[in-house]
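Me: I am new to this structure and would like a close look at one part of it. Please take me through the sheet, and then through what surrounds it.

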Amino acid sequence: MQNKNVFLPDYSIGENVYSEVPKLCLNYGKKVVFIGGKTALLKASDLVRKELEKEGIQVLDSLWYGGEAAYENSEKLKQEKAVQDADVVFAFGGGKALDTCKVLTGQLGKTLFTFPTIASTCAAITAVCAVYKLSGEFDSLYWRARPAEHTFISTKVIAEAPEKYLWAGIGDTLAKAYEPEFSARGRELNYYNSLGITLSKLCVEPLLKYGYNGLRDCKNNKVSNDLEEVILSIIINTGIVSNHVINDYNSCVAHAMCYGFTTLEKVEHNHLHGEIVAYGVLVQTMLDGNLNELDRLLKFYKDINLPTSYKSFNVRWEEMEGVFQKAISVNDVKVAAVEITKEKLEKAVKDLENYIEKR
């Protein structure tokens, strides 16, 4: 019998959610280590530290995660005495910082609490980790045995973060609305996969309804219902789908295209993961021939200025060769509704360019 916690995350959300941290932490121990991005630690760690001090919980150290979700960085963190002595690892930041800590605690068998300080991916509540090389190029996937033991989502902290991260998070979340169904189409599904794919619809509809206003409120550093709905869609809805479906159905063309673009340093360094994935969603939708859905997406993309062309990344057609080669090499496209080839990706990209020009 499988433990339900392999699938379902434990999380709290709200403006004052950090006040709940000590009570939950005491169930696991009284020694913790903070790990995260530099900005994330600056913005959130003191708020959490103040709550821990009320219950006599000791913060052994505050460590930078290393700047990339690479195995090399998790190995360095293993050598830190504070990590070795801690009962609980507190991970602060975006997807790469959280994934680094998921790998670290997965390999060490330690308890993990995550504190997403931006809503850009579902990494805070998923078991899967996207691991990169130190250069920034995609390396492989790692699976923690289960999601973090608890996730604390401060709507206030996220509202005060740059809205570009929420914008990119919307792009990444849209992929989860289309990739699982496209990968699993025509296949016999068990309960967990069927549930995950059914729930994937919640990764698009709330964004189309609340996304524009949620972004506006984040830009104004305002906590609102619209913003909370967007945050929940990005972190929770997407993460639940990811935890329920097998890896074959977890990703497809949208992410494969993103990993393809990571071979271009100028794209990897100047554009956000979800921003690139959002473009990949359009490529997959065109490849699938679903023009009605494409029209719906293009309207939303225009409203919030998501990219609709590879040229948005300052990429020339001649440079797309390496993007396509990398995209067809990753496992993400091995299971799909149709065979994914370099020629089909090329055609989908060209067709998308032509379609948008004629609109």
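Reply: What follows starts at one strand, widens to the sheet and its helices, and ends with a few single residues.

The model is a predicted one. Start with strand β5, which spans residues 111–116. Is this strand enclosed or open to the outside? Of its 6 residues, 6 are buried, so β5 is largely enclosed by the rest of the structure. Look at the two faces in turn. Thr111, Phe113 and Phe115 sit on one side. Leu112, Thr114 and Pro116 sit on the other. Both faces are covered.

Next comes a partner of β5. Strand β4 covers residues 88–93. It pairs with β5 in the parallel sense, over 6 bridges. Two pairs of residues show the match. Phe113 of β5 stands opposite Phe90. Phe115 of β5 is the bridge partner of Phe92.

Now step back to the whole sheet. It is open and holds 6 strands. Their order is β1-β8-β5-β4-β2-β3. The pairing is parallel. Which strands stand at the edges? They are β1 (11–14) and β3 (58–64). Each has a single partner strand, so one side of each is left without a neighbour in the sheet. From one strand to the next, the twist averages 15 degrees.

Helices lie against this sheet. Helix α2, residues 38–53, lies across β2 (31–36), β3, β4 and β5. Its direction is at about 160 degrees to β2. Helix α10, residues 225–244, also packs on the sheet. It touches β1, β5 and β8 (150–154). The angle between α10 and β1 is about 160 degrees. Strand β5 thus appears in both lists: α2 lies across it, and α10 touches it.

There is also a pair of strands that run antiparallel. Strand β6 has residues 128–132, and strand β7 has residues 138–143. They are joined by 5 bridges. Val131 has Ser140 of β7 as its bridge partner. Between the two strands of this hairpin lie 5 residues. In the hairpin, Gly136 takes a positive phi near 105 degrees.

Now for a pair of helices. Two packed helices are described by the angle between their axes and the distance between the axes. Helix α7 (residues 163–184) packs with helix α15 (residues 291–304). The angle is about 170 degrees, and the axes are 12 Å apart. Angles over 145 degrees count as roughly antiparallel, and α7 and α15 are therefore roughly antiparallel to each other. From α7, the contact takes Trp167, Ile170, Leu174 and Tyr178. From α15, it takes Glu293, Arg296, Leu297, Phe300, Tyr301 and Ile304. What kinds of residue make up this contact? There are 8 nonpolar, no polar and 2 charged.

Stay with helix α7 for one more residue. Ser183 is placed in this helix. Ser183 counts as buried, because its relative accessibility is 0%. Its contacts, leaving out residues up to four places away in sequence, are Asp248, Tyr249, Ser251, Cys252, Val335, Ala336 and Ala337.

Helix α11 is another stop. Its residues are 247–250, and Asn250 is one of them. Asn250 has 7% relative accessibility and so counts as buried. Beyond residues up to four places away in sequence, Asn250 touches Val128, Lys176, Glu179, Ser242 and Val245. Of these, Val128 belongs to the span of β6, and Lys176 and Glu179 to that of α7.

For contrast, take Arg359. It lies in the segment after α17 (342–358). Is Arg359 buried or exposed? At a relative accessible area of 54%, Arg359 is exposed. Leaving out residues up to four places away in sequence, Arg359 touches Asp295 and Leu298. Both numbers fall within the span of α15. Arg359 and Leu282 are 77 residues apart in sequence, and their C-alpha atoms are 15 Å apart in space.

Last, the cysteines. How many disulfides are there? The count comes to 0. Cys25 is in no disulfide: the nearest cysteine sulfur is that of Cys101, 15 Å away. Cys101 is in none either. For Cys101, the nearest cysteine sulfur is that of Cys129, 9.8 Å away. A disulfide needs sulfur atoms within 2.5 Å. Cys25 is buried, with a relative accessible area of 0%. Cys101 is buried too, also at 0%.

How values were computed. Residues numbered from 1 in each chain as written. Predicted model: local features only at pLDDT ≥ 70, side-chain atom pairs only at ≥ 80, totals over all residues. Heavy atoms only, no water. Helix = DSSP H or I, 4+ residues; strand = E, 2+ residues; numbered from the N terminus. Buried < 20%, exposed > 50% of the residue type's maximum accessible area, 1.4 Å probe, protein only. Contact = heavy atoms within 4.5 Å. Axes fitted to C-alpha atoms, helices over the stretch in contact; angles between N-to-C directions. Parallel < 35°, antiparallel > 145°, perpendicular 65-115°, else oblique. Nonpolar A, V, L, I, M, F, W, Y, C, P; charged D, E, K, R; others polar. Pairing = 2+ DSSP bridges.
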